[in-house]
Amino acid sequence: MTASFYIHKESWLHRLAAGRKLFCLAVLGTGISFVSDLWLLAGALSLCVCLFPAAQLRLVVAYNQVRPLFWIMAALFVAKLFTGPLSDAFVVILRLCILVLAAGLITVTTKTSALLTVLERVLTPLSVFGFSAPRMAFALSLVIRFIPVVGQISQEVREAQQARGLGTNIFALIIPFVLRIVKMAEQVSQAIDARGGLPDAKPSPAVMRRSQAVRRSVSAPMGAETDQPH
Amino acid sequence: MNTRDTVLVALFAAFTVALAFFPPITIPLVGVPITAQSLGVMLAGAVLGANRGALSMGLVLALVAVGLPVLAGGRGGLGVFMGPTAGYLVGWPLAAYATGLLFERFSGKANYLVFSSLFCIVGGIFVMHPVGVLWLSISGGIPLDKAVLGTLVFVPGDVLKAVAAAYIAIQVRKALGATMGYGANRI
């Protein structure tokens, strides 16, 4: 149900540190908004496309990144035609394609666990406002762990309501679903407390190791992710 | 945030993800098919309140960012945040917060469908849409008034969703109060 988008290959793009890739994306995203030269943008787009084969990925992977945006881009293109010259319309579409391709490239070449670590690191300064990055990481691994369970509950509720002839009634489906979620939260939190409770609000080396171990055990069976020694 | 709060936040995020895999469902009587995921945003606010609701939507966005296909239609990944509709996604925690805040502040009135719908409409439309439209206008480079005009089409459907979410929220809050020993506003 939730295998990640990560595609395992051995390429320099896969080996590049996640933080660096994200930094490049941020630079690209800022920089590109100042570029409105059509040829420059077209060059950047072809570079982005070429990076997919460079990462040993097939071009259809690149196409899959932009395909869901086809209709919204078409709508944007038409809207731009009415408000300005044709070249402006192309500039906007090219910019979007470049950013979406670059971001998609990071998503398919970076392990979920590596991105999670970066996320945790980036959000750590928020502890000033009482936000706890270790607990967020713990909550994230909980979500990943419980998506299949919650999906199972949704299936059970649907079957029960189908038996009553209410299989397409949104209220009959969602109300019991939410109630079971709240009830399960009660049990899960008791189970966590019985096992020593939440990780400390401030990151400590031991907790970091533990939450990483949890994350690894959680994410391992989900996709083709394997932890390769570097 | 005790253990239970954290788990509730996490499980509501998982719930919102699971809604993405719901087949499009129809609202009885009206008969309009809708995707269920945006119901999760308003429900998170209505059931969990402002802070926990916003945090749980934040968790869903974090899952999107780290490359899991958790959005409706199996979408996800960083590319979603680069697309022209990213504003609507960023609006999720804000919408959940606004809806939650209203449910908390006016919990006495929240059991009336009119008020509860209003709370959901404020979050799901008056907070979510401006953020989404603003981003659409910036990233798509189209004037704000044109962007607003283009997204007005979605407002009637979203009003229906908000009313549906409001009804669900009322029933859930009643059931939690009646059978599971929760106070009116202490889930």
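**Exercise 1. Locate Q56(A) and say what is unusual about its backbone.**

Solution.
- Start with position. Q56(A) sits in the loop that links α3 (38-54) to α4 (59-66) of chain A.
- Keep in mind that this is a predicted model.
- Next, take the backbone angle. Phi of Q56(A) is positive, about 60°, although the residue is not a glycine.
- Set that beside the general pattern. Most residues other than glycine have a negative phi.
- Finish with exposure. Q56(A) has 15 C-beta neighbours inside 10 Å, so it counts as partly exposed.

**Exercise 2. Describe the make-up of chain A: which elements does it have, and how is it divided into domains?**

Solution.
- Count the elements. Chain A has ten helices and zero strands.
- Their order from the N terminus is α-α-α-α-α-α-α-α-α-α.
- Turn to the domains. The assignment gives domain 1 (12-110) and domain 2 (127-219).
- The C-alpha centres of these two domains of chain A are 34 Å apart.
- Check burial. Of the 230 residues in chain A, 34% are buried.
- Check contact range. Take the contacts in chain A between residues at least 6 apart in sequence; 73% of them join residues at least 24 apart.

**Exercise 3. Test whether the length of α6(A) agrees with its residue count, then judge whether the helix is enclosed or open.**

Solution.
- α6(A) has 24 residues, and at 1.5 Å a residue the expected span is 34 Å.
- The multiplier is one less than the number of residues.
- The end C-alpha atoms of α6(A) lie 35 Å apart, which agrees with the expected span.
- Now burial. In α6(A), 19 of the 24 residues are buried, so the helix is largely enclosed by the rest of the structure.

**Exercise 4. Work out which residues touch the most other members of the largest nonpolar core, and what chain A gives to this core.**

Solution.
- The largest nonpolar core has 122 residues.
- Those touching the most other members are V143(A), A10(B), L11(B), A14(B), L59(B), L63(B) and A165(B).
- Helix α6 (residues 86-109) of chain A gives the most to this core, with 15 residues.
- Both domains of chain A take part: domain 1 (12-110) and domain 2 (127-219) each supply at least three residues to this core.
- Look at one of the core residues. Leaving out residues up to four places away in sequence, L63(B) touches L140(A), V143(A), V17(B), L68(B) and V70(B).

**Exercise 5. Characterise the side of chain A that touches chain B: how many residues are in contact, which helices supply them, and of what class are they?**

Solution.
- In the contact between the chains, 59 residues of chain A meet 59 residues of chain B.
- α5 (70-83), α6, α7 (112-123), α8 (133-163) and α9 (170-194) of chain A each supply at least two residues of that side of chain A.
- α9(A) gives the most, with 17 residues.
- Sort that side of chain A by class: 38 residues are nonpolar, 15 polar and six charged.
- Add the predictor's scores. The complex has an ipTM of 0.88 and a pTM of 0.84.

**Exercise 6. Outline chain B, then place A169(B) within it.**

Solution.
- Chain B has eight helices and two strands.
- Along the sequence the pattern is α-β-β-α-α-α-α-α-α-α.
- Of its 187 residues, 56% count as buried.
- For contacts in chain B with a separation of 6 or more, residues 24 or more positions apart account for 70%.
- Zoom in. A169(B) lies in helix α8 (residues 155-179) of chain B.
- A169(B) has 27 C-beta neighbours inside 10 Å, so it counts as buried. The cut-off is 20 or more.
- Not counting residues up to four places away in sequence, A169(B) touches L43(B), A46(B), V47(B) and S116(B).
- N111(B) is 58 residues from A169(B) in sequence, yet their C-alpha atoms are 8.7 Å apart.

**Exercise 7. Decide which parts of chain A have the lowest and highest confidence, and give the averages for both chains.**

Solution.
- Begin with averages. Chain A has a mean pLDDT of 85, and 87% of its residues reach 70 or more.
- Chain B averages 87, with 88% of the residues scoring at least 70.
- Compare the elements of chain A. Helix α10 (residues 205-219) has the lowest mean pLDDT (57), and α3(A) the highest (94).
- Then the tail end. Over residues 221-230 of chain A, pLDDT stays under 50.
- For that stretch of chain A the model has 13 contacts beyond four places in sequence.

Methods: Residues are numbered from 1 along each chain as its sequence is written. Chains are lettered from A and ligands numbered from 1 in the order in which they are written. This is a predicted model: local features need pLDDT of at least 70, side-chain atom pairs count only at pLDDT 80 or more; totals for chains, interfaces and linings use all residues. A nonpolar core is a set of buried Ala, Val, Leu, Ile, Met, Phe, Trp, Tyr and Cys residues joined through C-beta atoms within 7 Å. A residue is buried if 20 or more other C-beta atoms lie within 10 Å of its own, exposed if 12 or fewer, and partly exposed in between; C-beta atoms are placed from the backbone. Helices (H or I, at least four residues) and strands (E, at least two) are DSSP runs, numbered from the N terminus. Domain bounds come from an automatic or database domain assignment. Two residues are in contact if their C-beta atoms, placed from the backbone, lie within 7 Å. Ala, Val, Leu, Ile, Met, Phe, Trp, Tyr, Cys and Pro count as nonpolar, Asp, Glu, Lys and Arg as charged, and the others, Gly among them, as polar. pLDDT is the predictor's confidence in each residue, from 0 to 100.
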